Amino acid sequence: MGGRYLLAAIGTTLLLAASASAVERKPETPKVSIGDKVGSFTFKDIRFLPRTLSDLGEKKAYVIVFTTLDCPLVQRYLPRVKELEAKYRDQDVQFVALNVGPKDKLIEVAQQGLDYDLPFHIGKDFDGEAVRALGVERTPEVVVLDGAGVLKYRGRIDSQFRLGGENANAGRQDLEAALEDVLAGRDVKIAETPVDGCRITPGKIKTPVEQVTYSEHIAPLMQQYCQECHRPGTTAPFSLLDYDDADGNAEMIAEVVREQRMPPLYASEQHGHFSNRVEMKPEEIELILAWASGSREKGDAAKLPPPREFAQTEWQIGEPDVVYTIPKKVKVPATGIVAYKYIFLPHVFEHDTWVQGIEILPGNPRIVHHANLAAVNLRASMNKGKAGAGDTDNEAAFITGYVPGGVPMVLDPGTAFKIPKGSVLVLQSHYVTTGKEGEEDETRVGLVYAKGTIQKEVKHFRVTTGNFAIPPGDAHHRVVAQRTLDCDATGLGMFVHMHVRGKDMTFLAHYPDGRTENILSVPNYNFDWQLAYRWPTDYARFPKGTKIECIAHYDNSAFNPYNPDPAATVREGQQTHEEMMYGFFFYMDDAEYLNLEVDPKTGEAQGR
């Protein structure tokens, strides 16, 4: 056979093979067309909750813009999207930004919204449901739906910015023109436009080169990242101490580590460095996903790591030197709102008492949402006629608190907290109902006395204001407060406290030399899992005169699933349906050297 005929035969064979392959390939789902009613899809909001378009309420139009963290066109267009949202907000148009970056962390997605001060809702399309339902291919592609969920426009925002450059002006403003047509009840004149942007890449689970087993690969990760909380006697919903625990919760484990919801973390990695930051590596997440999506083999038991040992005590601070129990059990009704309770513990401190560990231990964590501990001078308070609620809210009286996700006060050697002579400990306890009759609580407070020589007294102040009124329906209401340091200080850490409308809080340090530093950003605050953010030893230094400014936003819209009343104007108050704005800042005075020798059995400074 001649070469010409051989080449022709090879070409024919390849063509037939390609044709066969094309026939065997499963047909793709047809792309939704302009004028079609869009099918249902789910995305996650910044609180990791599954949401749908119906959660946005009834609107005349919906604008969905697809984003990633690193697409340069997204970064250039977000200010333009913000301008358009402000223009059409009062015309009953709802904007939503959905991130589609497979490696983009939801916390950083929320941070991007904060960086651009986006006043509308933000979410993440983890599984590509929105991408498929709306037929988008690039970022920052946008779609416009009418009030009935019909696709009216898909394409670019305008023609100004391109990956290779930009025009001097916005050119044809396609999104704005489409919105004008939809609001006027007209067909959109140009219903589809080309998008010069970043191609959307679906996420995938990598297949490990070796079989993943619980004994060899997953058990060490459970020990390192999960078992501190997921074990009997803690607030976690289930234990993860053995194979059966992990196997029985495999799908849930995979979901929360893939979304990086667990281990819990609510501070952006872009701002600040914290010693209590715990985060899984990408390769560790891939191991868990591969195991959970496969046969979930236990593997060779001989490869299991030794069981992790935990202190044989119910106290996180270790066994306390002294424990105080509330004098009478608190009984909580099955339903309704329970007013804050102020409970005096039965002990008067006869001398200044220095402690390095303090823990509030609820007897019934189901009904104790949070509790604050204060040291009140009972005699002075009685003379002023306001012992109780008034003094527990005093900044100087506050000691520590118990909150979901929080940790007790445990201080470094050489530092301590002082409970003043003549004080009585008072708990401000917030109880919640469970729907069950007969619920009761007997909270205890444990103290660990200071050991060794104490040089520094731990101090704090609260950056706070009660001068706010959050308007009905406002999804991004801004509240600002600041305090000034009156000494050169070493920072210990920060803590954020708001109620159920709290959305985010940022701590800024304005230094005397004119510099400003973002020292903490919590872009997706969680009322039900409130974390402290602690700096490494000697990491954070602040000169005298530094202003600590806290900027918080509140979501009083109906989209906030925890909002008790989107129609209410919300002001400061103690109850959950009211709001608070507290940024706690803990520090030590650099010029202070106490040189106190403390009796480890009583907490009293010797020779004083």
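In strand β33, Phe585 is the bridge partner of Met494, and this pairing makes a convenient entry point into the predicted model. Met494 belongs to a strand, β27 (residues 489-497), that runs antiparallel to β33 and is joined to it by eight bridges. Phe585 also stands opposite Phe461. Here the partner strand is β25 (residues 459-464), again antiparallel to β33, with six bridges between the two. Strand β33 itself spans residues 582-589 and is mostly covered, with seven of its eight residues buried. As a reminder, strands of a sheet pair through backbone hydrogen bonds, either parallel or antiparallel.

Before going further, a word on confidence is helpful. The chain has a mean pLDDT of 90, and 92% of its residues reach 70 or more. Two stretches call for care. Over residues 1-27 the pLDDT stays under 50, and the model has one contact for them beyond four places in sequence. Residues 384-392 also have a pLDDT below 50, yet this stretch has 17 contacts in the model beyond near neighbours in sequence. Where pLDDT is low, the predicted coordinates should not be read in detail.

Turning to another part of the chain, an open sheet of seven strands follows the order β2-β1-β5-β4-β3-β7-β8, and its pairing is mixed. The edges are taken by β2 (50-51) and β8 (151-155); each has a single partner strand, so one side of each is left without a neighbour in the sheet. Strand β8 is joined by four bridges to β7 (residues 142-146), and the two run antiparallel. Within this pair, Leu145 stands opposite Leu151 in β8.

Two helices pack on this sheet. Helix α2 (residues 72-88) touches β3 (61-67) and β4 (93-99), and its direction makes about 160° with that of β4. Helix α5 (residues 174-183) touches β3, β4, β7 and β8, with a direction that makes about 5° with that of β7. How much of α5 is covered? Seven of its ten residues are buried. Among them are Leu175, Ala178, Leu179 and Val182, and the acidic residues Asp174, Glu176 and Asp181 are buried as well. The buried residues of α5 pack against β3, α2, β4, β7 and β8. After the helix comes Gly185, whose phi is positive, near 80°.

The cysteines complete the picture. The structure holds one disulfide, formed by Cys71 and Cys198, whose sulfur atoms are 2.3 Å apart. Because Cys71 lies in the loop between β3 and α2 while Cys198 lies in strand β11 (residues 198-199), the pair ties together parts that are 127 residues apart in sequence. The torsion about the S-S bond is about 85°, so the disulfide is right-handed. As for accessibility, Cys71 counts as buried at 1% relative accessibility, whereas Cys198 is partly exposed, with a relative accessible area of 21%.

Why do Cys226 and Cys229 not form a bond? The sulfur of Cys226 has its closest cysteine sulfur in Cys229, but the distance is 9.0 Å, too far for a bond. Cys226 counts as buried, at 12% relative accessibility. For Cys487, the closest cysteine sulfur is in Cys550, at 17 Å, which is also too far for a bond. Cys487 has a relative accessibility of 8% and therefore counts as buried.

Key. Residues are numbered from 1 along each chain as its sequence is written. This is a predicted model: local features need pLDDT of at least 70, side-chain atom pairs count only at pLDDT 80 or more; totals for chains, interfaces and linings use all residues. Side-chain values use heavy atoms; hydrogens and water are left out. Two strands pair if DSSP finds at least two bridges between them. Contact means heavy atoms within 4.5 Å. Axes are lines fitted to C-alpha atoms, for helices over the stretch in contact, and angles run from 0 to 180 degrees between N-to-C directions. Buried means under 20% relative accessible area, exposed over 50%, partly exposed in between (1.4 Å probe, protein chains only). pLDDT is the predictor's confidence in each residue, from 0 to 100. A disulfide is a pair of cysteine sulfur atoms within 2.5 Å.
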